[in-house]
Structures are given as C-alpha cells and as structure tokens.
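Here's a quick walk through one protein and its ligand, with the contacts and backbone oddities you may want to look at. Have the viewer open while you read.

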Amino acid sequence: MIIDYRSDTVTKPTAGMKDAMFAAPVGDDVFGEDPSINQLEKMAASLFGMEAALFCPSGTMTNQIAIKCHTQSGDEVICDGSSHIYQYEGGGIALNSGAQVKLVSGNRGRITAEQVAESINADDVHKARTSLVSLENTSNRGGGSCYEFDEIRRIRKVCDEHGLALHLDGARLFNAIVARKEDPKAYGEVFHTISVCLSKSLGCPVGSLVLGSADFIRKARRVRKVFGGGMRQAGYLAAAGIYALQNNVDRLKQDHLQAKQLAEALAKKDFVETVLPVETNIIIFSVKGRFTSPSLVARMKEENILWYAISPTQVRIVTHLDVTPEMIEKTIQTIDAI
Ligand SMILES: *Cc1c(COP(=O)(O)O)cnc(C)c1O
C-alpha cells in the first residue's frame with residue numbers, strides 16, 4: 001500500500017462519483033449546450049451568490065482568465081510573493097496578459113490592507129497602472145493558512161477607493177470555508193471574481209470554476225476559447241463536480257483533523273525544526289540535523305509513504321479524500337520509528 005501525501009490532486013474518483021459521471025447528460029459546451037456543465041455553473045454561482053460561473057480545465061486557466069479580463073498589457077497586479085499566480089503558473093501573467101507584478105511579503109501568504117494600499121502606484125506616466133489585487137485562500141505556500149475575513153473586507157475597501165479589481169485564487173477555498181465555518185456568499189460579495197478547484201481537495205479528476213458577474217463571465221468565455229479551454233461533451237467531468245459539491249465539502253473536516261494528527265507526531269521529532277501552524281489540510285515543516293528534506297522524503301518513500309520536498313529544508317504533506325484513518329495510523333507509527 002502506497003500512502004500518497006504529495007498533493008490533494010492525487011485522489012481518484014470514488015464509485016459514487018464515477019456513477020454520477022457515467023450517468024451525466026452531455027452536449028456541446030462551446031455551443032453552451034451541455035446540461036451538466038450548465039447545471040454545475042449555476043449551482044456554483046448560486047452557492048457563492050454570484051451571477052455566473054465558467055467551467056475550465058484547470059485552476060491555472062481560471063486564474064489566468066481572470067487576470068486577462070481584469071488587466072490591460074502594461075498593468076500591474078498586486079499579490080503575495082509566494083502566490084501560485086506568480087510562482088507556479090509559468091510566467092502566465094506576463095505571457096498571457098502582458099502585465100507585471102508588485103510582490104508583497106505577507107504573513108504565510110496573507111497580505112494586509114495596508115500593504116495593498118502602499119503598493120498601489122500613483123497616477124504618474126512613469127509608473128505601471130495598478131489594476132488588480134489577487135489574494136489566495138487558503139495559501140498553498142503558507143501551509144494552508146486562512147485569511148481573517150475582516151482583513152479581506154478591509155482590502156476590498158482599499159480596492160474600491162482606488163478602482164481596483166479584487167480576485168481570489170480559491171483553489172482550496174472550500175478548506176478555508178469549512179475550517180473557519182464561513183458562508184460562501186460572503187466571499188461572493190467581497191470579491192469581484194473567484195477561482196475554485198474541483199480537482200484539489202474535492203476529489204474530482206479534472207476541473208475548476210471561475211465565478212463573477214454575468215458581464216465578466218461573457219468576457220471570460222471568450223478568453224477561455226482563445227486559451228484553448230473550450231471543451232465539448234465535458235459534462236462527464238462537470239458531473240463529478242456536482243457530485244463533489246454535494247458530497248465532499250463537509251468531509252474536509254476529517255482531512256483537517258488528520259493533518260493536525262500528523263503535525264503533532266512530527267513536532268516531537270529531533271529532525272523537525274518547526275511545523276507551520278496547521279489550519280487546514282496542508283502541513284509544511286522544516287528539517288534539521290539527521291535529515292535534509294530530500295533525504296527525509298527518500299527515507300519515507302522506503303516505507304511507501306510519499307511526501308514532497310518543496311525546498312532543500314522544507315517538506316510538504318497534504319491530507320485528502322484518499323487518506324484513511326488506518327493510513328494516518330501507519331504514518332504516525334512510521335514517524336515515531338524513524
Ligand atoms: C493547484 C493550485 C492552482 C491551480 O492549479 P492547476 O493545477 O492548474 O489546477 C491555483 N492556485 C493554487 C493556490 C493552487 O494550489
């Protein structure tokens with residue numbers, strides 16, 4: 001048995017999800033005729049109290065579509081330096097939108113309203129035009145950290161004062177919502193656009209959604225086509241998304257509990273320097289002494305446990321739908337023994 005903690009993207013569809021996929025009514029979504037995609041988009045939009053949504057192949061695409069729609073070439077995007085849109089989307093902000101970034105150094109991926117306000121360029125011919133602020137919740141490199149909702153409201157106020165758009169990279173937004181017992185509609189109110197992944201902690205094989213106003217989604221649909229993301233009978237994938245929204249959101253609590261259990265076992269070990277506070281399903285810790293992060297990952301692999309070395313000193317572990325309590329028990333025994 002291999003226990004794979006490298007990411008919450010490694011989950012395989014359950015029997016129930018596969019049944020839902022096989023039974024899905026489908027049509028040509030580029031013509032807007034796939035009933036399952038239309039249903040998923042409606043369902044997600046109404047969950048967040050937003051006007052419309054668009055189903056896309058990946059979270060990179062939903063973020064990049066949003067950035068493209070909110071900016072013009074030569075504009076500047078404010079985001080945290082560790083954010084996925086900057087670190088892990090292949091330079092897409094420059095490539096797709098011809099925009100540049102103003103990087104802010106936040107607290108485990110979370111930036112403040114003051115930092116946003118300081119980062120806005122003056123109306124000056126020398127300067128790039130600031131047009132967009134992008135937040136990430138939960139923050140991946142922050143170890144699954146969650147924003148205080150009040151801080152988001154304060155950031156939105158700064159955006160309103162300066163005519164900026166506010167986007168959320170919510171690849172793991174459902175983890176934050178469950179951990180903080182929040183109302184998705186509050187997110188729909190405070191952000192102009194939101195990107196959420198179905199293929200991360202919700203257990204779908206493929207798929208992300210971008211949400212926004214009806215006007216924004218009309219524009220986004222055009223950009224999705226240009227980016228090559230217009231799919232045809234993709235309702236088979238959307239059906240997995242509908243199933244996930246109905247069945248796999250509440251259970252995220254279990255992933256969060258299991259992540260805390262692993263973090264507690266790790267904190268006792270002599271080779272662990274610090275474990276970032278565990279708020280959701282991600283554990284990031286730094287390694288010292290007997291191990292480097294690659295050698296620790298190699299050692300665990302000998303035990304059929306897969307972790308991920310995210311830097312020479314840091315390891316990331318992610319809990320997800322396919323991790324059972326028995327697997328957690330075996331992992332804790334292994335941590336105790338090495
Ligand atoms: C995974 C992830 C994405 C999107 O990734 P895809 O692999 O393109 O679906 C975006 N933002 C964050 C924070 C992520 O963790």
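Let's start at the ligand: a polar side-chain atom of aspartate 169 sits 2.6 Å from one of the ligand's nitrogen atoms. Bear in mind that this is a predicted model, and the distances here are computed from it.

Two further side chains can be listed alongside aspartate 169. For histidine 84, the partner on the ligand is a nitrogen atom, with 3.5 Å to an N or O atom of the side chain. For arginine 172, the ligand offers an oxygen atom, and the distance to a side-chain N or O atom is 3.0 Å. Here they are side by side:

| Residue | Ligand atom | Distance |
|---|---|---|
| Aspartate 169 | nitrogen | 2.6 Å |
| Arginine 172 | oxygen | 3.0 Å |
| Histidine 84 | nitrogen | 3.5 Å |

What else surrounds the ligand? Ser58, Gly59, Thr60 and Asn63 are among the surrounding residues, and so are Glu89, Glu136, Asn140, Ala171 and Lys200.

Now zoom out to the whole chain. The protein splits into domain 1, residues 15-247, and domain 2, residues 251-337. Their contact draws on 21 residues from domain 1 and 15 residues from domain 2. Measuring from C-alpha atoms, the centres of the two domains are 28 Å apart. Between them, domain 1 and domain 2 bury about 1400 Å², with 54% of that on carbon and sulfur atoms.

What holds polar company across that boundary? There are 7 residue pairs in polar contact between domain 1 and domain 2, both partners being at pLDDT 80 or more. On the domain 1 side, helix 8 (residues 173-180) gives the largest share of what touches domain 2, with 6 residues. By type, that side of domain 1 divides into 6 nonpolar, 10 polar and 5 charged residues. The rule also finds 3 salt bridges across the interface of domain 1 and domain 2. Elsewhere in the list of ion pairs, arginine 110 forms a salt bridge with glutamate 279, and their closest N and O atoms are 3.6 Å apart.

Over the whole structure, the search turns up 22 salt bridges. One of them pairs the side chains of arginine 180 and glutamate 148, at 3.2 Å from N to O. Arginine 180 belongs to helix 8 and glutamate 148 to the loop between strand 5 and helix 7, so this pair ties together parts that are 32 residues apart in sequence.

Finally, some backbone oddities. Most residues other than glycine have a negative phi, and most peptide bonds are trans. Which two residues does a cis peptide bond join? They are asparagine 137 and threonine 138, with omega at about -5 degrees. Threonine 138 falls in the loop between strand 5 (129-136) and helix 7 (149-162).

Then there's positive phi. Arginine 108 has a phi of about 45 degrees, although it is not a glycine, and its place is the loop between strand 4 (100-104) and helix 6 (113-119). Lysine 181, also not a glycine, has a positive phi of about 50 degrees. You'll find lysine 181 in the loop between helix 8 and helix 9 (184-190).

Technical notes:
Residues are numbered from 1 along each chain as its sequence is written. This is a predicted model: local features need pLDDT of at least 70, side-chain atom pairs count only at pLDDT 80 or more; totals for chains, interfaces and linings use all residues. Side-chain values use heavy atoms; hydrogens and water are left out. Domain bounds come from an automatic or database domain assignment. Contact means heavy atoms within 4.5 Å. Buried area is the accessible area (1.4 Å probe) that two parts lose on being put together, summed over both. A salt bridge is a side-chain nitrogen of Lys or Arg within 4 Å of a carboxyl oxygen of Asp or Glu. A polar contact is a pair of N or O atoms within 3.5 Å; within protein, one must be able to donate a hydrogen and the other to accept it, and residues adjacent in sequence count only if both atoms are side-chain atoms. Helices (H or I, at least four residues) and strands (E, at least two) are DSSP runs, numbered from the N terminus. Ala, Val, Leu, Ile, Met, Phe, Trp, Tyr, Cys and Pro count as nonpolar, Asp, Glu, Lys and Arg as charged, and the others, Gly among them, as polar. A residue is near a molecule or strand if one of its heavy atoms lies within 4 Å of it.
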